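Student: I have just opened this model and would like to understand the words people use for it. Could we go through them together?

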Amino acid sequence: MTSPLNREALLQAYRTMRIIRDFEERVHVDFATGEIPGFVHLYAGEEASATGICMHLNRKDYIASTHRGHGHCIAKGVDPVGMMAEIWGKATGTCKGKGGSMHIADLEVGMLGANGIVGGGGPLICGTALASKVRGENNVGVCFFGDGASNQGTIFEAMNLASVWKLPVIFVAENNGYAEATSSNFSVAVDNIADRASAFGMPGVIVDGFDFFAVYEAAGEAIKRAREGHGPTLLEVKLSRYYGHFEGDQQTYRAPGEVQKLRETKDCLMQFAKRVTSRGELTMADIEAIDAEVKAMIDASVVKAKADPLPAPSELMTDVYVSY
Amino acid sequence: MARKITYQQAINEALDQEMTRDPSVIVMGEDVAGGAGSPGEDDAWGGVLGVTKGLYAKHPGRVMDTPISESGYIGAAVGAACNGLRPVAELMFIDFMGVCFDQIFNQAAKFRYMFGGKAKTPVVIRAMYGAGFRAAAQHSQCLYNMFTHVPGLKVVVPSNPYDAKGLLIQSIRDNDPVIFLEHKALYTMEGDVPAESYIVPFGEAAVVQEGDDVTIVAIGRMVNYAKDAAASLRKKGVSCEIIDPRTTSPLDTDTILESVERTGRLVVVDESNPRCSMASDISGFIAQEAFGALKAPIQMVTAPHVPVPFAASLEDLYIPSPARIEEAVMKVKEYR
């Protein structure tokens, strides 16, 4: 069996996942030095989800993201150089240093924002999808949320509303097993988050989040369904995060060696590379070239972010209103 | 051409005219159609008090009943505003902000700043407020002060039919999130309203009547009570200037300041609870900016620090009355 993707798309998929991984690994290292301000939540380990889903989207399709949003931003086309500057709180950042890690947004590319409020994005994405529907367009909205947000009323309300209004929305529950430190085995009252789909009159699909191709395929079906006017789907992507809830989290709630084992046996980048090279679709040279190019790009983004200026004091008072 | 219509009709007319003018304006909320999909849908409710009646049939596909899910649909209105629509979402009673405040104050209000000026969220959230209907503690609050506190929101409190129409049209055309608050006791108030479309700008207070002795700043329904009090005071030889801010955010502090510097006396009338209210906010501002001009301590006429009671005997005591306003004016007038 060959991949449903051509060479160019495979290179793009690997490159996107590699950018997310290297971006997050680098933020992890730099955060430990104390130079990065605020709260940072890393997406490393979950790359196949954002990438496999966003590869089906165009700029007019919106996504709503979470506090663990760097991966979604990168996959949706937000410039990682601007993102790095944003995380460092610099004037050159995606949001001029006014948002930070938890609020990176770029509406130009259909990225409605990482969101500091757990479950905040569900209602919002219903709105972007509604706007598309009212205008007779076929653009979709994707709401990424975690197992923690899966218990929020906003997500339930949004799923019901999306079904009632038959909106082109894909609800993507990224179940990484922990809401902060609380296990989803404890906090989610059903075996699978996807089981809740039937309560809202939509299909529920479970997919292995370590397998890019599985995510890509399941997302493709859900997005096609939405674009054709058949309404929303709930996709539960089962995956894991390689780091803590936030940077600095000692993760005492996790089993020793849990992450190490996942890295060695299930890692999405490793699986992807193995699969495409064994099939002869890409070569190790292709993979290594991307690794080198991405590493240089991330290194350069950090050098630039460090050197870039802080927002000027006059920026404190701007951008509150369009007019006031 | 102006003719007499009610506050409620003025709001309906503003919505109708803006929906006709701009296809990106949509209306959503609980029962705003009030029977979508039912046999009598064309003559259905049009809002619990009929404010949106008739719009559903007139603007097909753009007046949407919602499930009773305030977070869900208020958030959807916010999201739709980010993607090019100008939604007017009705929250029914302002008290229900408690179940959807996150979508208003953490999402809508924050996007522009948090995203470095790149977002535009032209959403209007309409809701009715105020006591006087024996509706008790969960359907009678004012709460405009809570929205006024939040940077990123604009807050509109029309006191009459003319302002209601012009301010609502401005709210819909405005590019920031607007909380548009309608006092339910004013829905039946009649006034001269031009048939054509017009706007009343934000941040421009109305000097309802000019006067020399005391400045009364009143909000929403209280403007009308202030007028009653002023008419009675006029007979006693006291001349009141009444200022209606019309929007609490932005607040026209210049007009208030100019008036108090002239009269030297201020009474603020606010139907909400007194702590951290518009009354305390305006009083604080004047104490800071016009201390030297004051001839008497500022008086606040507000509801007491209690929930809105049900029984008529108690609710009537709760709401500031023209008599209490008169008393407060006399107190500052006779201070020295």
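Tutor: Gladly! This is a predicted model. In it, the end C-alpha atoms of residues 5-189 of chain B lie 8 Å apart, and the span is 34% helix and 18% strand.

Student: What makes residues 5-189 of chain B a span to look at?

Tutor: An unreviewed UniProt entry annotates these residues of chain B as "domain: Transketolase-like pyrimidine-binding".

Student: Why is helix H4 of chain A called largely enclosed?

Tutor: Buried means under 20% relative accessible area. In helix H4 (residues 80-87) of chain A, 7 of the 8 residues meet that, so the helix is largely enclosed by the rest of the structure. Among the buried ones are Met83(A), Met84(A) and Glu86(A).

Student: What covers the buried residues of H4(A)?

Tutor: The cover includes helix H1 (7-32), helix H3 (70-76) and helix H11 (284-307) of chain A.

Student: What makes the atoms of Asp79(A) and Val81(A) a polar contact at the start of H4(A)?

Tutor: The cut-off for a pair of N or O atoms is within 3.5 Å. Here a side-chain oxygen of Asp79(A) comes to within 3.1 Å of the backbone nitrogen of Val81(A), so the distance fits the definition.

Student: How do you know that chain A and chain B touch?

Tutor: Contact means heavy atoms within 4.5 Å, and 39 residues of chain A are in contact with 44 residues of chain B. The two chains bury about 3400 Å² between them, 63% of it on carbon and sulfur atoms.

Student: How many salt bridges and polar contacts are counted between chain A and chain B?

Tutor: The count is 0 salt bridges, while 19 residue pairs are in polar contact.

Technical notes. Residues are numbered from 1 along each chain as its sequence is written. Chains are lettered from A and ligands numbered from 1 in the order in which they are written. This is a predicted model: local features need pLDDT of at least 70, side-chain atom pairs count only at pLDDT 80 or more; totals for chains, interfaces and linings use all residues. Side-chain values use heavy atoms; hydrogens and water are left out. UniProt positions are given in the numbering used here, feature names are shortened, and annotations may be inferred rather than shown by experiment. Helices (H or I, at least four residues) and strands (E, at least two) are DSSP runs, numbered from the N terminus. Buried area is the accessible area (1.4 Å probe) that two parts lose on being put together, summed over both. A salt bridge is a side-chain nitrogen of Lys or Arg within 4 Å of a carboxyl oxygen of Asp or Glu. A polar contact is a pair of N or O atoms within 3.5 Å; within protein, one must be able to donate a hydrogen and the other to accept it, and residues adjacent in sequence count only if both atoms are side-chain atoms. Buried means under 20% relative accessible area, exposed over 50%, partly exposed in between (1.4 Å probe, protein chains only).
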